[in-house]
Amino acid sequence: MTDKQLAKEVGKRHTFAIISHPDAGKTTITEKVLLFGRALQTAGTVKGKKSGQHAKSDWMEMEKDRGISITTSVMQFPYHDKLVNLLDTPGHEDFSEDTYRTLTAVDSCLMVIDAAKGVEDRTIKLMDVARMRETPVLTFMNKLDRDIRDPIELMDEVENILKISCAPITWPIGQGKQFKGVYHLLNDEVILYQSGQGHTIQKSRVIKGLDNPELDTALDGYAEELRDEIELLKAAANEFDLEEFLAGQLTPVYFGTALGNFGVDHMLDGLTEWAPTPQPRATDQRTIESTESGFSGFVFKIQANMDPNHRDRVAFLRIVSGKYEKGMKMRHVRTGKDVRISDALTFLAGDRSAVEEAWAGDIIGLHNHGTIQIGDTFTQGEDVKFTGIPNFAPELFRRIRLKDPLKAKQLQKGLLQLSEEGAVQVFRPLKNNDLIVGAVGMLQFDVVAQRLKTEYKVDAVYEPINVATARWVDCADARTLEQFRDKAHDNLALDGGDNLTYIAPTMVNLQMAQERHPDIAFRKTREH
Ligand code: G4P
């Protein structure tokens, strides 16, 4: 591999995720994006309530039943001369930890807004994360085939609530039944919408120039109104500025209908032209650039039993620098072991196939037999560790009990594997044989019970338990830690990765423990 080849491969990659409130249209957009990537020949109908077909990125029964996306999957597809990686983020608020970690693995985001509703809560939370990391954001105002809110008002709302400037790139002509298409401000062209073509790539009619007399007939009566509106808009709205976009301060705004497959390609054009190529990432020692030749990457997600036919666990690794080649040796930095990897996976629209090579910006799936944890770094020999991939202390706790006591081993195995994914955590108190499940959101308990049943054939029930919070504890001095272990024995437990954790029945109890043991660190988040 030459430096030139590496720069070329890295330079054509864009890795992004969609952030949106449930129902805004993330799944539908994902399908259309894949359709453009020619990964699917005809896009299925969202969640297939009507057609019986499912979006390929939704694979779990639970997701289908509940109509939410629980897991993160990865899709790679070509777009013109670029290569796009789309990471699917779980939409439900109970999965915010998982979403947070997924956003550490992308270089830009697409924010999808239901234009009939405007900015909704979940979008606000996700934008907080994007802003914290200064991730560049593109915006798609969806559902223009319905009666939507005033576009100016929508942009004002984004600016005021999400604190990011809006620069319209396209502008809608009409809405609902009268939706005619959009005017592209930068290309000075009108792109006409035809309804009923949502399943295929449309060849839209394009009329060059706002003054073009063709518009008067094509838009029957709307043309004059459009010209006036655009004049006003140009005076009032922000112009697109690449630097501000890259700094996460300004978002280019597109209008369209994902269901009608209109406008998604305009957004993809913008994404592949402006969104950052694979960005550097910080380690505990130094910052690693994507064009460095040595391979490096970090694991941001682990998923058990991804494919019922394969029954395995997959660790998703974002390549930060260099190139993965089939059969290469990598150092698993946390364990210090060098491992040969010959069967990494890629996820093209949900179908798995072995990758021969992958480059910085790509995601690969590593088969995990229990040795890989979220946050782990892999390199070509350098002992560095990527930072900023946290685990959050759970806020809800339940004791889990078996219906059939003979399945204790299965239960423990299932819980440990599911906790590796980071969605729930399992704690084993030092003082007894309880198994305590901790989660950040209620829905995770149901997900775990259902997965234990289908994937591990264990029937388990939850019981309330008197736990208010948990903290990971450590201390640089081994003796002090040992003494603390004795004194606080009844409140201590081991988590899924055998890390010592303080389980507090009340917040007051936690506070007292902290005061009594000032040399012990009680941590709310744990970097793996
Ligand atoms: P999500 O992943 O963000 O939760 O949203 P999803 O794509 O599942 O879309 C939510 C609903 O909005 C779906 O309807 C979908 O068909 C609809 N939708 C998405 N984009 C558009 C659009 O551009 N125009 C219109 N009119 N609707 C759109 P549903 O009622 O949940 O499913 P179904 O009954 O239509 O199958």
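Begin by selecting Lys143, which counts as buried because its relative accessibility is 16%, below the 20% cut-off for that class. The structure on screen is a predicted model. Lys143 belongs to the loop that links β5 to α6 (151-162). Its backbone also merits inspection: the phi of Lys143 is near 70°, a positive value in a residue other than glycine. Most residues other than glycine have a negative phi.

For another positive phi, move to Asp498, where the angle is about 65° although the residue is not a glycine. Asp498 sits in the loop between β30 (492-494) and β31 (500-504).

**The whole chain**

Now display the full protein chain as a cartoon. The secondary structure comes to 14 helices and 33 strands. Of the 528 residues in the chain, 55% are buried. Among contacts with a separation of 6 or more, 70% join residues 24 or more positions apart. Switching to a surface representation shows an exposed area of about 22900 Å², of which carbon and sulfur atoms supply 47%.

**Helix α2**

Select residues 26-36, which form helix α2; this helix is mostly covered, with 11 of its 11 residues buried. The buried set includes the charged-side-chain positions Lys26, Glu31 and Lys32, together with Ile29, Val33, Leu34, Leu35 and Phe36. What do the buried residues of α2 pack against? Their partners are the strands β1 (13-20), β2, β3 (82-87), β4 (108-114) and β5 (137-142), and also α10. Two of these partners, β2 and α10, return at the pocket described next.

**The second largest pocket**

Select Tyr79, His80, Asp265, His266 and Asp269, the residues that lie nearest the centre of the second largest pocket. The lining comprises 26 residues in total, and the pocket volume is about 580 Å³. Colour β2 (74-79), β9 (189-192) and α10 (264-274), since these are the elements that give two or more residues to the lining. Which element provides the largest share of the lining? That element is α10, with 6 residues. Colouring the lining by class gives 11 nonpolar, 9 polar and 6 charged residues.

**The nonpolar cores**

In soluble globular proteins, nonpolar side chains tend to be buried together. To examine this arrangement here, select Val158, Tyr324, Ile364 and Leu366, which have the most contacts inside the largest nonpolar core, a set of 80 residues. Strand β15 (residues 313-321) gives the most to this core, with 6 residues. Centre the view on Leu366 and show its surroundings: leaving aside residues up to four places away in sequence, Leu366 touches Arg313, Val314, Ala315, Leu317, Ile341, Ala344, Ile372 and Phe378.

A second core, separate from the one above, has 29 residues, including Ile29, Val112, Ile169 and Leu250. Ile29 has already appeared on this tour as one of the buried residues of α2.

**Strand β26**

Finish at Gln425, in strand β26 (residues 424-429). Is Gln425 buried or exposed? Gln425 counts as buried because its relative accessibility is 6%. For a last view, draw a distance from the C-alpha of Gln425 to that of Val440: the two residues are 15 apart in sequence and 9.2 Å apart in space.

Methods: Residues numbered from 1 in each chain as written. Heavy atoms only, no water. 1 Å grid on protein atoms, 1.4 Å probe; cavity = no way out; pocket = protein on both sides within 12 Å on 5 of 7 lines; lining within 4 Å. Points joined across faces, edges and corners; volume = space filled by probe spheres on them. Helix = DSSP H or I, 4+ residues; strand = E, 2+ residues; numbered from the N terminus. Core = buried A, V, L, I, M, F, W, Y, C linked by side-chain atoms within 4.5 Å. Buried < 20%, exposed > 50% of the residue type's maximum accessible area, 1.4 Å probe, protein only. Contact = heavy atoms within 4.5 Å. Areas by Shrake-Rupley, 256 points an atom, 1.4 Å probe, with all protein chains shown as cover.
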